[in-house]
Amino acid sequence: MDQLTDLLVRAAEQAAAYRASLADRQVAATADPAAVRAAFGGRMPAGPTAPEKVLDELLAAAEGGLVATAGPRFFGFVIGGALASATAADVLAAGWDQCAFNAVLAPAASAAEETAGGWLKELLGIPASASVGFVTGAQAANTVGLAAARHHVLAEAGWDVERKGLHGAPRVRVIAGEERHATVDRSLRLLGFGSDVVEPVRADANGAIDVDDLARVLAAGPSGPTIVCLQAGNVNTGACDDLHAACDLIHRHGGWAHVDGAFGLWAAVSPSTRPLVDGVELADSWGCDGHKWLNVPYDSAFAFCSRPDVHVAAMSYTASYLTGSGTVPGVSDYTAESSRRARGFAVWAALRELGRDGMADLVERNCRLARRFADGLAEAGIEVVNDVVLNQVLVSFGDDARTDEVIDAIQRDGTCWMGGTTWRGRRLMRISVSNVATTDADVDRSVAAILRIAGA
Ligand SMILES: *Cc1c(COP(=O)(O)O)cnc(C)c1O
């Protein structure tokens with residue numbers, strides 16, 4: 001075999017061996033950050049190193065610093081695992097080294113995004129006429145969706161924001177729930193609105209938007225350019241805004257409704273959770289992650305827009321040297337990137353591997369396992385703070401200091417990994433079940449470890 005073949009085979013074998021180890025591996029990194037930095041450290045080499053040696057060095061340096069986020073007992077953040085076909089597709093994407101700019105430069109990458117984009121709309125309940133851009137994460141998806149919103153509401157007011165920017169523009173109202181994800185504020189910063197622009201809307205008991213308060217906020221300010229950012233899947237509680245009622249209200253006020261549905265939009269795939277996102281089709285733009293609940297490797301997300309013309313007007317550019325540019329939109333005209341990784345292969349593969357039923361089963365199973373967590377802990381007298389409507393569970397072990405202590409001890413123990421949060425003034429432990437590999441046994445083993453550590 002030639003050198004590249006040897007290297008790829010070795011890399012693939014090592015990656016597969018690592019993945020096989022995840023079922024029993026300690027979840028947290030085994031080395032401390034300083035040791036990992038030291039392992040990667042050293043001087044910039046003056047001369048070349050043989051590729052086989054570089055790979056060996058990388059394997060050795062990374063070993064202690066890998067966190068088993070792809071494994072079945074990582075319940076921090078909202079992470080998701082990585083399906084086999086999607087992982088292999090990403091290996092090919094690197095090997096093929098396609099630049100997913102447009103159909104002239106990368107016909108296969110473009111076609112994969114187009115087809116997978118259609119399947120995604122079907123699964124998520126987004127109108128087939130919507131456009132989609134494959135982006136890095138929900139952060140980027142929200143930025144693209146809100147850029148489309150900015151274009152549209154200002155164009156309606158006779159202002160070309162792409163040419164003139166925001167200096168001297170009509171004022172745009174931006175309304176969002178008080179429990180919006182922090183990335184929404186960063187998107188607003190990047191778009192020149194600033195985070196102070198947000199007119200907050202109160203949340204209900206479980207963290208979804210209070211629709212009566214949305215009506216109050218809408219009515220309290222001037223009509224004119226208005227963007228409202230809704231949410232499907234509160235990152236703490238999993239609660240989903242009442243999209244039907246909210247979109248109706250927003251449209252009656254002539255506003256644009258964007259939905260941050262990083263993981264919660266996937267509720268649409270199962271009949272049991274579908275009511276949580278009833279009315280999803282009424283929104284104007286949507287952001288959703290692939291690397292969370294769809295279980296494709298990092299990074300992968302989708303920015304949808306009900307108006308492809310608006311989407312392209314907000315994001316596209318042309319240059320004379322770019323063949324195929326400026327005629328029909330290329331896949332990159334729906335994103336903020338120009339040269340792009342071919343993310344569509346892994347998404348296409350994941351959707352084919354699961355099928356509609358497999359995706360519904362994944363969401364249902366993860367939700368059932370989140371309830372299993374909540375029940376197991378509650379039975380032992382531990383307080384479950386949220387209404388477990390989706391895949392997120394919030395837990396208190398008493399006062400803030402005690403809860404932080406238990407979280408820290410769980411992370412050090414290594415059986416499973418949970419993170420902390422502050423929700424409504426209390427320190428709480430977050431459990432997010434979003435990995436295709438997680439089983440009943442993984443949850444039971446994790447509950448047992450938590451109870452042992454908490455001394456319950
Ligand atoms: C994770 C998340 C984001 C940010 O997504 P990235 O994939 O990290 O960019 C935004 N909104 C919500 C609700 C999320 O859960």
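## A tour from strand β6 outwards

Begin by selecting strand β6, where Ser 285, Gly 287 and Asp 289 on one side and Trp 286 and Cys 288 on the other are all buried, so that both faces are covered. Here buried means under 20% relative accessible area, exposed means over 50%, and partly exposed lies in between, computed with a 1.4 Å probe on protein chains only. Five of the five residues of β6 (residues 285-289) are buried, so the strand is largely enclosed by the rest of the structure. Helices (H or I, at least four residues) and strands (E, at least two) are DSSP runs, numbered from the N terminus.

The model is predicted, and local features need pLDDT of at least 70, side-chain atom pairs count only at pLDDT 80 or more, and totals for chains, interfaces and linings use all residues. Residues are numbered from 1 along each chain as its sequence is written, and side-chain values use heavy atoms, with hydrogens and water left out.

Next, add the strands on either hand, bearing in mind that two strands pair if DSSP finds at least two bridges between them. Strand β5 (residues 256-260) runs parallel to β6 and is joined to it by three bridges, with Asp 260 standing opposite Gly 287. Strand β7 (residues 301-305) runs antiparallel to β6 and is joined to it by five bridges; in β7, Phe 302 is the bridge partner of Cys 288.

Now select Lys 292, which lies in the loop between β6 and β7. UniProt, in an unreviewed entry, lists Lys 292 for "modified residue: N6-(pyridoxal phosphate)lysine"; its positions are given in the numbering used here, feature names are shortened, and annotations may be inferred rather than shown by experiment. Lys 292 counts as buried, at 14% relative accessibility. Show its surroundings, taking contact as heavy atoms within 4.5 Å: not counting residues up to four places away in sequence, Lys 292 touches Val 78, Ile 79, Gly 80, Ala 262, Phe 263 and Ser 434.

Move on to the open sheet of four strands, which are antiparallel in their pairing and follow the order β8-β9-β11-β10. β8 (383-384) and β10 (419-423) stand at the edges with a single partner strand each, so one side of each is left without a neighbour in the sheet. β10 pairs with β11 (residues 426-432) over five bridges in the antiparallel sense, and Arg 427 in β11 is the bridge partner of Thr 422.

For a further buried position, select Ser 446 in helix α14 (residues 440-454), which counts as buried at 0% relative accessibility. Leaving aside neighbours within four places in sequence, Ser 446 is in contact with Arg 73, Phe 75, Phe 373 and Cys 416.

Finish with the largest pocket, a pocket being, on a 1 Å grid over the protein atoms alone, an open set of points with protein on both sides within 12 Å along at least five of seven lines, and lining residues having an atom within 4 Å of a point. The volume of the largest pocket is about 1,000 Å³, and of the 32 residues that line this pocket, Ala 11, Ala 15, Tyr 18, Arg 19 and Thr 87 are the closest to its centre. Grid points are joined across faces, edges and corners, and a volume is the space filled by probe spheres set on the points. Helices α1 (3-21), α3 (51-62) and α4 (84-96) each supply at least two residues of the lining, with the largest share, nine residues, coming from α1.

Definitions and conventions:
1 Å grid on protein atoms, 1.4 Å probe; cavity = no way out; pocket = protein on both sides within 12 Å on 5 of 7 lines; lining within 4 Å.
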